[in-house]
Amino acid sequence: MSINPSLHSITNDIPLPEKAADDTRQRLIRAAVSVFGSQGFEGASTRCIAALAGTNISSIAYHFGGKENLYLAVADQIALEIGKMADEIEGSLADERERIRDGTLPPAAAVALLQRLWGGWLDDLLGKKKHEHEWTWFVVREQLNPTEAFDRIYNAGSVRFLNLLAELIGCIQQRPAQSLTVRFQAVSLFGKMLSFERERATVARYLGWETLDKTAQDTIRAAINEEVARLLV
């Protein structure tokens with residue numbers, strides 16, 4: 001039995017069921033994270049993104065209206081994931097969160113907590129690799145050449161980590177978390193934390209490690225704890 005060509009074209013124009021359409025949208029976002037991250041906005045091909053997602057190029061226009069909106073959708077997805085990470089960290093603070101926010105957590109307790117949080121980040125990154133995301137390079141590109149996508153990522157996620165670090169440093173040094181000195185230290189510490197993700201190969205090569213095994217991780221953790229303890233001075 002032959003297929004009626006006119007009927008075939010009509011069925012192709014029928015909107016996908018909601019679940020199937022959502023799946024296509026998510027596959028496009030996942031593919032776009034990889035392509036935009038490796039090639040940048042200008043270099044990324046929508047045809048390549050569609051092929052990687054296993055769909056046709058017209059689906060980008062159908063779901064996002066075009067390349068620019070797909071790029072922003074990727075930024076929103078990254079912001080959502082970073083926000084979830086921030087939720088996990090803040091949730092782990094339990095009753096201490098209020099004392100951190102109002103600056104009443106004792107300095108020694110704030111040091112211990114900051115060491116624990118940074119150590120947890122390191123464990124996830126070098127052990128389970130929970131926070132090793134393919135979207136790192138998307139974010140790096142936005143750091144170098146900020147667009148509207150950077151604003152979305154910063155406002156939904158990055159600033160929450162920075163505020164928490166500033167509040168902890170403020171508790172440690174008995175200074176306002178909003179002071180320029182404390183905020184600068186928070187930015188510096190945040191950059192060092194991220195460097196272990198972005199510059200892992202450089203860290204291992206320079207320190208003469210073939211891999212970041214347990215011995216290497218213990219060495220890094222000890223150095224981190226010492227640096228955080230120096231904030232008390």
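**An all-helical predicted model and its long-range pairings**

Gly 103 is partly exposed, with a relative accessible area of 35%, because that value falls between the 20% limit for burial and the 50% limit for exposure. The structure described here is a predicted model. Gly 103 sits in the loop that links helix H6 (96-102) to helix H7 (107-128). Its C-alpha atom is 7.9 Å from that of Ala 177, although 74 residues separate the two along the chain.

A wider view helps to place this loop. The protein chain contains 12 helices and zero strands, so its order along the sequence reads α-α-α-α-α-α-α-α-α-α-α-α. Of the 233 residues in the chain, 39% are buried. The chain exposes about 13,500 Å², and 55% of this area comes from carbon and sulfur atoms. When contacts between residues at least 6 apart in sequence are considered, 70% of them join residues at least 24 apart.

Two further pairs illustrate how distant parts of the sequence are placed in space. Leu 80, in helix H5 (residues 67-93), has its C-alpha atom 9.7 Å from that of Arg 152, with these positions 72 residues apart along the chain. Leu 80 counts as partly exposed, with 43% relative accessibility. Ile 220 belongs to helix H12 (residues 214-229) and pairs in a similar manner with Gly 119: their C-alpha atoms are separated by 9.3 Å, and the residues are 101 apart along the chain. Ile 220 is buried, at a relative accessible area of 6%, because this value is under the 20% cut-off.

What, then, lies in the interior? The largest nonpolar core has 60 residues. Phe 36, Ile 49, Leu 114, Phe 138 and Leu 168 are the residues with the most contacts inside this core. Leu 168 offers a handy entry point for anyone inspecting the model. With residues up to four places away in sequence set aside, Leu 168 touches Ile 100, Leu 105, Ala 110, Leu 113, Leu 114 and Leu 117. Leu 114, one of these partners, is itself among the residues with the most contacts in the core.

The segment around the end of helix H9 rewards a closer look. Gln 173 lies in helix H9 (residues 148-173) and is buried, with a relative accessible area of 17%. Beyond its neighbours within four places in sequence, Gln 173 is in contact with Val 182, Gln 185 and Leu 231. With Gln 185, the link includes a polar contact of 3.3 Å between the two side chains. Gln 174, by contrast, is exposed, with a relative accessible area of 55%, and is found in the loop between H9 and H10. Its phi is positive, at about 55 degrees, although Gln 174 is not a glycine. Most residues other than glycine have a negative phi.

Helix H10 (residues 180-198) follows that loop. H10 has 19 residues and spans 26 Å from its first C-alpha to its last, close to the 27 Å expected at 1.5 Å a residue. Its buried residues are Val 182, Ala 186, Leu 189, Phe 190, Met 193, Leu 194, Ser 195, Phe 196 and Glu 197. An α-helix has 3.6 residues a turn, so residues three or four places apart point the same way. Val 182 on this helix is buried and is also one of the contacts of Gln 173.

Finally, which cysteines are buried and which are partly exposed? Cys 171 is buried, with a relative accessible area of 1%, whereas Cys 48 is partly exposed at 34%. The structure holds zero disulfides, so no pair of cysteine sulfur atoms lies within 2.5 Å.

Notes: Residues are numbered from 1 along each chain as its sequence is written. This is a predicted model: local features need pLDDT of at least 70, side-chain atom pairs count only at pLDDT 80 or more; totals for chains, interfaces and linings use all residues. Side-chain values use heavy atoms; hydrogens and water are left out. Helices (H or I, at least four residues) and strands (E, at least two) are DSSP runs, numbered from the N terminus. The expected span of a helix is 1.5 Å times one less than its number of residues. Buried means under 20% relative accessible area, exposed over 50%, partly exposed in between (1.4 Å probe, protein chains only). A polar contact is a pair of N or O atoms within 3.5 Å; within protein, one must be able to donate a hydrogen and the other to accept it, and residues adjacent in sequence count only if both atoms are side-chain atoms. Contact means heavy atoms within 4.5 Å. A nonpolar core is a set of buried Ala, Val, Leu, Ile, Met, Phe, Trp, Tyr and Cys residues joined through side-chain atoms within 4.5 Å. Accessible areas come from the Shrake-Rupley method with a 1.4 Å probe; for residues, only the protein chains shown count as cover.
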